[in-house]
Amino acid sequence: MFWIGQMNDIPVIDLEGLSTRDPLAMARMTGEVAHACREVGFFYVRGHGVPQAVLDGVMAQSHAFFAQPLTKKDALKISADSDNKGYVGLRTEALDPGRNADDKEAFNIRIDQHDGARSSLCPELPGFDAVMTDFFLRMLRLGVDMHRPIARDLGLDEDYFDQRLDRPMATLRLLYYPPASPREDGAFGAGAHTDYGNLTLLLTDDAGGLEVQRRDGAWVCAPPMPGAFICNIGDCLMRWTNDVYRSTPHRVTNPQGRDRYSIAFFLDANADALVEAIPSCVEAGGTPRYQPTTAGDYLASRFAQTYGFKQAEKA
């Protein structure tokens, strides 16, 4: 493991040996994941097994999607009954409800991994469906595998999370941030927020702009690392661990004079998975910090906050 910037900012973890469950690699990764999840909440992962050609291909398709005319994108617009699938227009979300809407566009993709069924909301772009489906399933396998060192660290069976992630509420999200503008409201590309689910895996271009809040409150840059994913803990996993793992606020500042693209894979548990404190994360005689809930109910409550300002406008 090595570090970016100041000590204890953002660690880098090599996942070589994760997919094969190599005993020595698993022992090493368990210790490194434990530190990253308990102390930082963010970390880079390399050695993940996703070929560079795949990363380049999915980023190229993302560029092609956002380059379409607005009328084509709006035809795929997300709605209350679209199951979190579809296009999210510029300044439609407010990840930080206390600030102005975010300067970004997005396109959400969800796939049933059991039958490979794609969302009916799919742009008419050559190769888009095949590239996104392949990438989604690769990220899903990687995300589930990454829960194994987490389970080991928490004193659970290595496969503990498998049955809680076999019908996940996973979302692949393409993101586009236009160049920074001289707007007086001080909007961010993505306002300060924590992610909602278990794990997020992020692929970025070289534009930079991602900032992470350290435990002392200072904001630090998370610079792009070619070929690596940036991973962070979400609030649902924080609830599962009774705050032993801590989700970390982060935000995006739009770059000056250029576009920014990133692709996020959000791995959330099965909708009916019971999220309650893992016994090893509660002190003897202690009381869990959170009431049990299902992953689906918790995610729905967070989406209501994110899009609530638009609902208020309509009302």
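Contact here means heavy atoms within 4.5 Å. Keep that in mind for one residue, Thr171. This is a predicted model.

Thr171 is found in strand β6. Which residues is Thr171 in contact with, leaving aside its neighbours within four places in sequence? They are Asn84, Asn108, Ile109, Arg110, Phe136, Ala264, Phe265 and Phe266. Is Thr171 buried or exposed? The cut-off for buried is under 20% relative accessible area. Thr171 has 5%, so Thr171 counts as buried.

Now step back to the whole protein. There are 315 residues, and buried residues make up 54% of them. The protein holds seven helices and 15 strands. Next, the contacts. Take those between residues at least 6 apart in sequence. Of these, 77% join residues at least 24 apart.

On to the aromatic rings. How many aromatic pairs does the structure hold? The count is eleven. I will show two, and Tyr261 takes part in both.

Start with Phe66 and Tyr261. Their ring centres are 6.4 Å apart, and the planes meet at 45°. That makes the pair tilted. Where do the two residues lie? Phe66 is in helix α2, residues 52–66, and Tyr261 is in strand β13. The pair therefore ties together parts that are 195 residues apart in sequence. Phe66 and Tyr261 are both buried.

Now swap Phe66 for Tyr176. Tyr176 and Tyr261 also form a tilted pair. Here the distance is 5.2 Å centre to centre, with 40° between the planes. Tyr176 lies in strand β6, and Tyr261 in strand β13, so this pair ties together parts 85 residues apart in sequence. Tyr176 is buried as well.

These rings belong to a cluster. Ring pairs link Phe65, Phe66, Tyr87, Phe107, Phe128, Tyr176 and Tyr261.

Some rings have a charge over them. The charged end of Arg164 sits over the ring of Tyr160, 3.8 Å from the ring centre. Arg260 lies over the face of Tyr177. There the distance to the ring centre is 4.9 Å.

Next, the spaces inside. The model has four cavities of 30 Å³ or more. The largest cavity holds about 440 Å³ of space. Which residues come closest to its centre? They are Leu95, Arg173, His193, Asp195 and Phe266, out of 31 that line the largest cavity. Phe266 we have met already, as a contact of Thr171.

Which elements give two or more residues to the lining of the largest cavity? Five are strands: β6 (171–177), β7 (190–193), β8 (199–204), β12 (250–252) and β13 (260–267). Helix α6 (295–306) is on the list too. Strands β6 and β13 are also the ones that hold Tyr176 and Tyr261. By class, the lining of the largest cavity divides into 14 nonpolar, eleven polar and six charged residues.

Last stop, a pocket. The second largest pocket holds about 260 Å³ of space. It is lined by 14 residues. Closest to the centre of this pocket are Ser19, His48, Gly49, Leu142 and Asp145. The lining of the second largest pocket has four nonpolar, six polar and four charged residues.

To recap, start from Thr171, buried in strand β6. Then follow Tyr261, which pairs with Phe66 and with Tyr176. Finish at the largest cavity, where β6 and β13 both give residues to the lining.

Key. Residues are numbered from 1 along each chain as its sequence is written. This is a predicted model: local features need pLDDT of at least 70, side-chain atom pairs count only at pLDDT 80 or more; totals for chains, interfaces and linings use all residues. Side-chain values use heavy atoms; hydrogens and water are left out. On a 1 Å grid over the protein atoms alone, a cavity is a set of points where a 1.4 Å probe fits but cannot get out, and a pocket is an open set with protein on both sides within 12 Å along at least five of seven lines; lining residues have an atom within 4 Å of a point. Grid points are joined across faces, edges and corners, and a volume is the space filled by probe spheres set on the points. Ala, Val, Leu, Ile, Met, Phe, Trp, Tyr, Cys and Pro count as nonpolar, Asp, Glu, Lys and Arg as charged, and the others, Gly among them, as polar. Helices (H or I, at least four residues) and strands (E, at least two) are DSSP runs, numbered from the N terminus. Rings of Phe, Tyr and Trp (its six-membered ring) pair if their centres lie within 6.5 Å; planes under 30 degrees apart count as stacked, over 60 as edge-to-face and the rest as tilted. Buried means under 20% relative accessible area, exposed over 50%, partly exposed in between (1.4 Å probe, protein chains only). A charge sits over a ring if NZ of Lys or CZ of Arg is within 6 Å of the ring centre and within 35 degrees of the ring normal.
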